[in-house]
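Biologist: I'd like to go through this one with you and ask how each label was earned. Could you show me the model?

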Amino acid sequence: MKDVFGKAITDYFNGINDADISVHSKDFEDDTIPVHYLFRDFSEMPKIEQLALQNTKGSVLDVGCGAGSHALYLQEQGHDVLAIDTSEGAITTCKRRGVIQARQLPFLEVEGTFDTIILLMNGTGIIGSLQEIPAFFDKLKSLLSKNGQVLIDSSDLIYLFDEDDLVQGYYGQMEYKLSYKSIETDWFNWLFLDKDNLNEEAKLHGFNCDIIYEGEHYDYLAKLTVQ
């Protein structure tokens, strides 16, 4: 897949900020991600992210690290952080920004154990689809240290749909593609998982699920621990 995030992040770090990332959906109007938002500091982060970072403990795996803003903050707080992303450009920029451990690596290929795994900015998105949930939880379990925790956020998209739309599959299973300037990705799956379904899936796969924050826009932050 073409590295849309990597190109945008690299451009911004190099002082080029003349375009946003466009998000295309088959179901909704196009949206944008301002590239500068990926470089925000702690004070500019939404409360849900601040709470996740404040509740982090011990060694950390930052999944989908982007430009490295979460990893940099956690490093400053004394945490040992491994930041991963599938974007080559993002990882290169993370290193240039000062992230000590940053690797271009898919989540399912990570090895080691961690006290905290963070998945933010709709962390359930990387699961992709409902069918991939078992593999996701199996991987989490293999990566957590004893008494470890997962801090993950998502949103319940039910408010976007009419009742007639809810009879065809799970409403939170979305399909997107991204573009930036002349670069465009293929379509890919991205999962928004409501808190009730996350809780059910967590229990099914041997995890406790505690909702530690609910926002005003159907978003939430959950803590997962092994039963």
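What follows is a chat about the labels given to residues and contacts in this model.

Modeller: Before you start, keep in mind that this is a predicted model.

Biologist: Fine. Why is Gln75 called buried?

Modeller: Its relative accessibility is 18%, and buried means under 20%, so Gln75 counts as buried. You'll find Gln75 in helix α3, residues 69-76.

Biologist: What makes Gln75 and Gly98 a polar contact?

Modeller: A polar atom of the Gln75 side chain lies 3.1 Å from the backbone oxygen of Gly98. The limit is 3.5 Å, so the pair falls within it. Beyond four places in sequence, Gln75 also touches residues including Val81, Val99 and Ile100.

Biologist: And Thr124, buried or exposed?

Modeller: Buried: Thr124 has 0% relative accessibility, and the cut-off is under 20%. Thr124 sits in the loop between β6 (114-119) and α5. Its contacts further along the chain include Ile152, Asp153, Leu191 and Phe192. The Thr124 side chain also reaches the backbone nitrogen of Leu193 at 3.4 Å, within the 3.5 Å allowed for a polar contact.

Biologist: Why is Gly64 called partly exposed?

Modeller: The relative accessible area of Gly64 is 44%. Buried is under 20% and exposed is over 50%, so Gly64 belongs in between. The place of Gly64 is the loop between β3 (60-63) and α3, where Ile84 and Asp85 are its contacts once neighbours within four places are left aside.

Biologist: On to charges. How do you know that Lys7 and Asp11 form a salt bridge?

Modeller: Their closest N and O atoms are 3.2 Å apart, and the limit is 4 Å, so the pair qualifies. Both residues are in helix α1 (residues 4-13), four residues apart, or about one turn of the helix.

Biologist: Why does that spacing suit a pair in a helix?

Modeller: An α-helix has 3.6 residues a turn, so residues three or four places apart point the same way.

Biologist: What are the exposure labels of Lys7 and Asp11?

Modeller: Lys7 is partly exposed at 37% relative accessibility, whereas Asp11 is buried at 5%.

Biologist: What makes Asp18 and Lys181 a salt bridge?

Modeller: Their side chains meet at 3.0 Å, N to O, again within 4 Å. Asp18 is in the loop between α1 and β1 (21-25) and Lys181 in the loop between β8 and β9 (183-184), so this pair ties together parts that are 163 residues apart in sequence. Asp18 is exposed at 57%, and Lys181 is partly exposed at 44%. Lys7, Asp11, Asp18 and Lys181 are linked in a network of salt bridges.

Biologist: What does the pair of Glu175 and Lys26 tie together?

Modeller: The side chains of Glu175 and Lys26 meet in a salt bridge at 3.4 Å, N to O. Glu175 lies in strand β8 and Lys26 in the loop between β1 and β2 (31-33), so the pair joins parts 149 residues apart in sequence. Glu175 is partly exposed at 28%, while Lys26 is exposed at 52%. The whole structure holds seven salt bridges.

Biologist: Now the nonpolar side. Which residues of the largest nonpolar core touch the most other members?

Modeller: Out of 50 residues, those are Ile21, Leu61, Ile117, Phe137, Leu140 and Leu224. Helix α5 (residues 133-143) gives the most to this core, with five residues. A second, separate core has 22 residues, among them Met45, Leu53, Val60 and Ala71.

Biologist: What does Phe137 touch beyond four places in sequence?

Modeller: Its contacts there are Leu198, Glu201, Ala202, His205, Phe207 and Leu224.

Biologist: Which residues make up the nonpolar patch on the surface?

Modeller: Ile158, Tyr159, Leu160 and Tyr218, with about 380 Å² of accessible area together. Take Leu160: its relative accessible area is 37%, and a patch residue needs over 30%, so Leu160 clears that bar. Leu160 is found in the loop between β7 (144-155) and β8 (173-180).

Biologist: Last one: what happens at the two ends of helix α6?

Modeller: At the start of α6 (residues 195-204), a side-chain oxygen of Asp194 comes to within 3.1 Å of the backbone nitrogen of Asp196. Just after α6, Gly206 takes a positive phi of about 85°.

Conventions:
Residues numbered from 1 in each chain as written. Predicted model: local features only at pLDDT ≥ 70, side-chain atom pairs only at ≥ 80, totals over all residues. Heavy atoms only, no water. Buried < 20%, exposed > 50% of the residue type's maximum accessible area, 1.4 Å probe, protein only. Polar contact = N/O pair within 3.5 Å; in protein donor to acceptor, adjacent residues only side chain to side chain. Contact = heavy atoms within 4.5 Å. Patch = residues over 30% accessible without salt bridge, like charges linked within 9 Å, V, L, I, M, F, W, Y side chains within 5 Å. Areas by Shrake-Rupley, 256 points an atom, 1.4 Å probe, with all protein chains shown as cover. Core = buried A, V, L, I, M, F, W, Y, C linked by side-chain atoms within 4.5 Å.
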